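Hello,

Here is the structure I said I would hand over. Please look at it before reading the notes below it.

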Amino acid sequence: MYDNPAAPAAAGAGSGTLAMTGAGDLFWIGLAAFALLALGLAIKRIVPVRGGK
């Protein structure tokens, strides 16, 4: 199962090279924006809303 290190090495090299490129910054900013949006929507869903009527 762990005899072939090609897949983990490829995954590590891919993420490392993505961070070294200029486009990687935009990817991480987009990913962070998406995570913050998802967090906000999750909190909105969890927090109870007052029933006005």
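The notes below go from the whole chain to single residues.

Please keep in mind that this is a predicted model. The chain contains two helices and zero strands. Of its 53 residues, 2% are buried. Its accessible surface is about 4,900 Å², and carbon and sulfur atoms account for 73% of that.

On the surface there is a nonpolar patch of about 520 Å². Leu-36, Leu-39, Ile-43, Ile-46 and Val-47 make up this patch. Val-47 sits in the segment that follows helix H2 (22-46). Its relative accessibility is 46%, so Val-47 counts as partly exposed, given that this class runs between 20% and 50%.

As for aromatic rings, the count comes to one pair. The partners are Phe-27 and Trp-28, with ring centres 5.0 Å apart. Their planes stand at 70 degrees, so the pair is classed as edge-to-face; the cut-off for that class is over 60 degrees.

Are the two partners buried, exposed or partly exposed? Phe-27 has a relative accessibility of 40% and is therefore partly exposed. Trp-28 is also partly exposed, because its relative accessible area is 40%.

In brief, the two items to look at are the nonpolar patch that includes Val-47 and the edge-to-face pair of Phe-27 and Trp-28.

Regards

Key
Residues numbered from 1 in each chain as written. Predicted model: local features only at pLDDT ≥ 70, side-chain atom pairs only at ≥ 80, totals over all residues. Heavy atoms only, no water. Patch = residues over 30% accessible without salt bridge, like charges linked within 9 Å, V, L, I, M, F, W, Y side chains within 5 Å. Areas by Shrake-Rupley, 256 points an atom, 1.4 Å probe, with all protein chains shown as cover. Salt bridge = Lys/Arg side-chain N within 4 Å of Asp/Glu carboxyl O. Helix = DSSP H or I, 4+ residues; strand = E, 2+ residues; numbered from the N terminus. Buried < 20%, exposed > 50% of the residue type's maximum accessible area, 1.4 Å probe, protein only. Phe/Tyr/Trp six-rings, centres within 6.5 Å; stacked < 30°, edge-to-face > 60°.
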